[in-house]
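Biologist: Could you take me through one part of this model, the sheet and what sits against it? I'd like one connected walk rather than a list.

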Amino acid sequence: MTINPGNPEFPHRQISNQLKERVRRGDWQPGERLPSIPAMAEMFGVAKQTVQRAVDQLRVEGILITKPGSGTYVRGTRRRLNRLSRGRYGAHRGYHADLAARYRQQLVRVGREPAPPEVADAFGVRDGTELLVRRHVVRTDDATVELGASWFRVTDASGTSLERLEAFGRPLYQEAEEAIGRRYAQATDTISARQPSREEAEILQIRPDTPVLHLLHVAFDETRKPIEVAQATWPGPMTTLTEEYRIPAPAPEPDPDPGLTLA
C-alpha cells in the first residue's frame, strides 16, 4: 500500500480508496479488526492524522466502525433492502416471502403523539395535531437497519386493535383495512436523504454526520383520503433500495391506410 505523490487525489483519499478496495476484495472480512492508526501510517509513510482522515471518511461511508478502546473494524456488507413500499403489498397484497427470514421487526411503542410537519401535511391537518402512531425497529443479526412509524387519525383508529401494543401476525395494512373499514387503493412514496437526528444516530449506531435515507409513504382509499402515513429511516451508506419491474414492449406500428398509395 503506497501513496502516489503525482496523483492529484489527496493522500487521505488515496488511502481510503486502497482500504476500501481491500475490504471489497475480502482481504478484511466483516467484523475483522484493521491495523492500528500508527501501524497504517507507517505502512503508507504518512502522518497519523492523514490515516485518521481516511478512516473517518470510511466510517461516514459506513464501511468501517470504530469501537472505543478496541480499534477499527470492517462494519459488514451493504444491506440490500428491496422494500420500497409497494413491497409491503406485494404482487398478491402481502409481504415479500423472505422478509421474515432476513429481518426481525419489533414494535416498540403505540400511542398518541403530536404529528410532525411532514405527517401533518400528508393528512392535511395542523402541525402538532394528535395522531395515533405505531413505532417499530427492524433488525438483522448484527444491527438495527430501520426505524419506522405508522400514523393514523385518532378518529379512525380509536377503539380499534390499532391502539394495542401487539403485533398482528399479518401486514399492518390488512389489520388497518379491517379495523377502519376502508381499503388501501393507492399510495405515494417520497424518498429523500438527510442528516439523522441525535436519537436516530444512536439507535442506528452511525456517526451524527452519516446521512440517512428517509421514506414517506402515504396510503389512500378509493376517494383519495389518506388512511395511513408511514415513515421509514435507514442508514444511507449501508442501504441500497432496489426495485424490479417489467419494461413495456414497444407499441406495434399502425398499418398504413390501404386506400393510400405509397410512392
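What follows is a walk across the sheet, strand by strand.

Modeller: Sure. Keep in mind that this is a predicted model, where local features need pLDDT of at least 70, side-chain atom pairs count only at pLDDT 80 or more, and totals for chains, interfaces and linings use all residues. Residues are numbered from 1 along each chain as its sequence is written, and side-chain values use heavy atoms, with hydrogens and water left out.

The sheet is open and has 6 strands, in the order β4-β5-β6-β9-β8-β7, with antiparallel pairing. Strands here are DSSP runs of E with at least two residues, helices are runs of H or I with at least four residues, and both are numbered from the N terminus. Two strands pair if DSSP finds at least two bridges between them. At the edges stand β4 (104-114) and β7 (186-194); each has a single partner strand, so one side of each is left without a neighbour in the sheet. On average, neighbouring strands are turned by 15° against each other, direction ignored. For angles like this, axes are lines fitted to C-alpha atoms, for helices over the stretch in contact, and angles run from 0 to 180 degrees between N-to-C directions.

Let's start at the β4 edge. β4 pairs with β5 (residues 130-139) in the antiparallel sense over 10 bridges, and if you want a spot to zoom in on, P114 has E130 of β5 as its bridge partner. From β5, a hairpin leads through 4 residues into β6. Those two strands, β5 and β6, are antiparallel as well, over 9 bridges, with H136 bridged to G148 of β6.

Now stop at β6 for a moment. Of its 10 residues, 9 are buried (under 20% relative accessible area; exposed is over 50%, partly exposed in between, with a 1.4 Å probe and protein chains only), so β6 is largely enclosed by the rest of the structure. On its other pairing, β6 meets β9 in the antiparallel sense over 5 bridges, and there S150 has A230 of β9 as bridge partner.

As for what sits against the sheet, helix α8 (residues 172-180) packs on it, touching β5, β6 (144-153) and β9 (226-235). Contact means heavy atoms within 4.5 Å. The direction of α8 makes about 10° with that of β6.
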